[in-house]
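Visitor: I have a structure here and should like to go through it with you. Could we begin with the ligand surroundings?

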Amino acid sequence: MTVNDIKNAKIKAWVEECVKMCEPDSVVVCDGSRAEYDRLMKKCVDAGLATPLAKKPNSFLFRSLPSDVARVENRTFISSVKEEDAGPTNHWIAPKELKATMKGLYKGCMHGRTMYVLPFCMGPLGSPIAKYGVELTDSEYVVLNMDIMTRAGEQTWQYLGDDFIPCLHSVGKPLNNGEKDNGIWPCADVDHKYISHFPEEHLIWSYGSGYGGNALLGKKCFALRIATVLAREEGWLAEHMLILKLTNPKGEVKYITGAFPSACGKTNLAMLIPTIPGWKVETVGDDIAWMKFGKDGRLYAINPEAGFFGVAPGTSEESNKNALVAASKNTIFTNCALTEDGDVWWEGIGYPAKGKLVDWKGNVREALPKDKSPKGEEFAHPNARFTAPAKQCPCIASDWESPEGVPISAILFGGRRPSTIPLVHQARSWAHGVFLGSIVGSEITAASTINAADVGKIRRDPFAIIPFCGYNMGDYFQHWIDVGNNPSTNADKLPKIFYVNWFRKDDDNADLPGGFMWPGYGENSRVLAWVFDRCDGKDNFIDTPIGYMPKEGALNTDGLSDCYKKALPEILKVDREGWLKEVKDIRENHYPKFGKHLPKELSACLDDLETRLSK
Ligand code: SAT
Ligand code: MN
């Protein structure tokens with residue numbers, strides 16, 4: 001198929017306009033077939049950009065440039081007409097100015113390269129919740145990753161209408177006559193990278209980066225930043241949330257979504273192996289949830305993605321066996337280390353490497369006797385990734401591609417909070433739940449900042465969506481409040497909302513590994529079980545000033561190690577003093593950022609919390 005064969009006139013005209021601007025040597029309309037995948041991968045291998053892995057069937061390792069290893073938040077723009085609509089947490093440039101700058105960069109940017117036209121679907125094909133887009137890119141790596149992460153190619157044309165999302169991407173490295181990449185990852189320098197969103201036009205323009213969320217435009221750019229805008233316009237929710245299916249020993253099922261800032265084990269929770277007998281967790285999604293009201297007034301969620309773009313370091317048999325199996329074949333690895341026998345290795349994989357390794361920068365180095373490496377000298381980049389098909393996950397739920405989505409019973413929020421926030425508490429109402437989402441954050445540690453003065457402060461990441469919301473965060477809070485007041489639903493039908501904290505610490509207690517008062521991982525199933533019963537309205541709670549909490553004996557502790565049993569009362573009580581400090585921090589440092597956009601319901605929740613705590 002060629003551009004001329006594209007039947008949708010709007011798509012065809014847009015492609016032709018972009019071809020004229022970017023001037024690629026050739027244009028290929030992708031069919032999404034296995035043969036095409038193999039051909040593009042071979043092109044990458046021949047160009048020295050990808051290495052086939054002898055130890056993992058049909059799997060390949062890419063190394064990016066050190067300047068292109070992660071999302072670039074300060075080069076990510078929400079280019080709404082009015083700055084106020086981008087809000088206090090986004091970077092903004094006026095659309096006219098940004099378009100002029102980017103058109104200058106796009107002019108001739110695909111010289112010496114092929115432009116790929118990749119139609120794709122976010123969500124199960126034909127699902128009433130799914131949305132469609134077309135990505136134009138000059139990166140084979142992007143096409144290959146999008147093939148895994150989305151439903152892409154031929155099969156999507158029949159669903160693509162005039163409301164498709166145009167996604168234009170270039171690595172920003174044109175080639176002169178006869179010039180080749182010579183095995184060097186193509187991208188532009190940092191100040192020429194632009195990851196731009198035009199919310200009024202539902203348009204995405206990305207330039208200068210070939211990596212992850214900057215370049216796989218279906219993911220953060222479309223399924224979150226543009227989708228949050230669509231969701232607000234159309235009355236649904238586009239969220240940075242995992243979706244899991246929880247089955248109790250009686251075989252009853254509930255679906256739960258959860259939002260956590262980075263480094264809180266979101267993917268691990270989505271693929272958790274319960275330690276309590278008879279319970280089962282299966283995965284519907286590990287990163288993004290789109291939730292819409294069904295006819296019955298309940299919220300139904302789909303995972304718009306078809307793969308996992310997971311952080312490799314720290315993934316081990318112990319932390320997430322299911323992810324390792326998912327990434328054992330047909331997987332793209334990026335910035336991992338390469339072993340002599342043709343496998344990948346990373347810090348925290350659970351065993352030391354042997355012999356020589358090629359590190360993520362391409363240098364050959366002798367492996368260290370331990371699995372850990374000094375900061376800055378890691379063999380795998382800390383943000384090294386695996387791109388694996390979701391269907392390869394051993395715990396993928398049988399209904400993960402259900403077109404109508406799965407009905408959500410509970411929503412979890414959480415962060416890394418060494419003090420104050422208990423193991424679990426439940427919101428009293430939808431608005432109180434929105435309040436809990438709005439205060440999500442993790443404590444800044446020496447490991448997560450270069451600014452010593454910030455250590456101990458809370459880095460707020462409301463709904464874990466700060467880097468991914470396509471409009472004003474105050475208006476986003478209001479949208480959540482409005483969803484709860486939607487006439488097609490009521491309080492009984494809405495998901496119950498919970499705040500969990502797996503990360504309470506007591507550094508003085510030598511019995512606790514790492515000082516953590518809760519073991520986490522599979523043991524989190526104990527909390528999930530309490531949440532499950534709460535959704536059934538069981539009498540397993542007490543009412544406290546901060547919300548509902550497990551009553552004595554309600555949390556299953558059978559088989560829990562003694563040190564954690566001893567720590568439990570402390571992490572299941574209300575720390576009044578700590579919470580009063582929390583209230584003060586929210587009032588003085590967090591809520592003022594949103595000015596008049598902060599919903600009055602949230603200020604009311606804060607006042608109410610303070611009153612209850614002071615009684
Ligand atoms: O690179 S991605 O944006 O896809 C992943 C992440 O940073 O959360
Ligand atoms: Mn994410």
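Visitor: Which residues are around ligand 1?

Guide: In this predicted model, the residues around ligand 1 are Arg71, Gly212, Gly213, Lys219, Lys220, Phe309 and Arg385. The protein covers 87% of the 250 Å² of accessible area that ligand 1 has on its own.

Visitor: And how does that shell divide by class?

Guide: The shell around ligand 1 comprises 4 charged, 2 polar and 1 nonpolar residues.

Visitor: Which helices supply at least two residues of the shell each?

Guide: Helix 6, spanning 212–215, and helix 7, spanning 218–234, each do so.

Visitor: What about oxygen atoms of ligand 1; how far is a polar side-chain atom of Arg71 from one?

Guide: The distance is 2.7 Å for that side-chain atom of Arg71. Gly213 places a backbone N or O atom 2.9 Å from an oxygen atom of ligand 1.

Visitor: Turning to the metal, what coordinates the manganese ion (ligand 2)?

Guide: The manganese ion (ligand 2) is coordinated by NZ of Lys220, NE2 of His240 and OD of Asp287, at 2.1 to 2.2 Å. Lys220 is also listed among the residues around ligand 1.

Visitor: How are the donor residues spaced in sequence?

Guide: The spacing for the manganese ion (ligand 2) reads K-x19-H-x46-D. Lys220 belongs to helix 7, whereas His240 sits in the loop between strand 11 (237–239) and strand 12 (242–247), so this pair ties together parts that are 20 residues apart in sequence.

Visitor: Now the sheets. In what order do the strands of the 5-strand open sheet run?

Guide: The order is 2-3-18-23-17, with mixed pairing. Strand 2 (50–52) and strand 17 (307–311) are the edge strands, and each pairs on one side only. On average, neighbouring strands of this sheet are turned by 20° against each other, direction ignored.

Visitor: In which sense do strand 2 and strand 3 pair?

Guide: Strand 2 pairs with strand 3 (residues 60–62) in the antiparallel sense, over 3 bridges. Thr51 has Leu61 in strand 3 as its bridge partner.

Visitor: Which strands stand at the edges of the sheet ordered 20-19-21-22?

Guide: That open sheet has 4 strands and antiparallel pairing. Strand 20 (344–345) and strand 22 (364–366) stand at its edges with a single partner strand each, so one side of each is left without a neighbour in the sheet.

Visitor: How many bridges join strand 21 to strand 22?

Guide: Strand 21 (residues 356–358) is joined to strand 22 by 3 bridges, and the two run antiparallel. Val364, in strand 22, is the bridge partner of Val358.

How values were computed. Residues are numbered from 1 along each chain as its sequence is written. Chains are lettered from A and ligands numbered from 1 in the order in which they are written. This is a predicted model: local features need pLDDT of at least 70, side-chain atom pairs count only at pLDDT 80 or more; totals for chains, interfaces and linings use all residues. Side-chain values use heavy atoms; hydrogens and water are left out. A residue is near a molecule or strand if one of its heavy atoms lies within 4 Å of it. A polar contact is a pair of N or O atoms within 3.5 Å; within protein, one must be able to donate a hydrogen and the other to accept it, and residues adjacent in sequence count only if both atoms are side-chain atoms. Accessible areas come from the Shrake-Rupley method with a 1.4 Å probe; for residues, only the protein chains shown count as cover. Ala, Val, Leu, Ile, Met, Phe, Trp, Tyr, Cys and Pro count as nonpolar, Asp, Glu, Lys and Arg as charged, and the others, Gly among them, as polar. Two strands pair if DSSP finds at least two bridges between them. Axes are lines fitted to C-alpha atoms, for helices over the stretch in contact, and angles run from 0 to 180 degrees between N-to-C directions. Donors are N, O and S atoms within 2.8 Å of the metal (3.2 Å for Na, K and Ca); water is not among the atoms, so sites may look incomplete.
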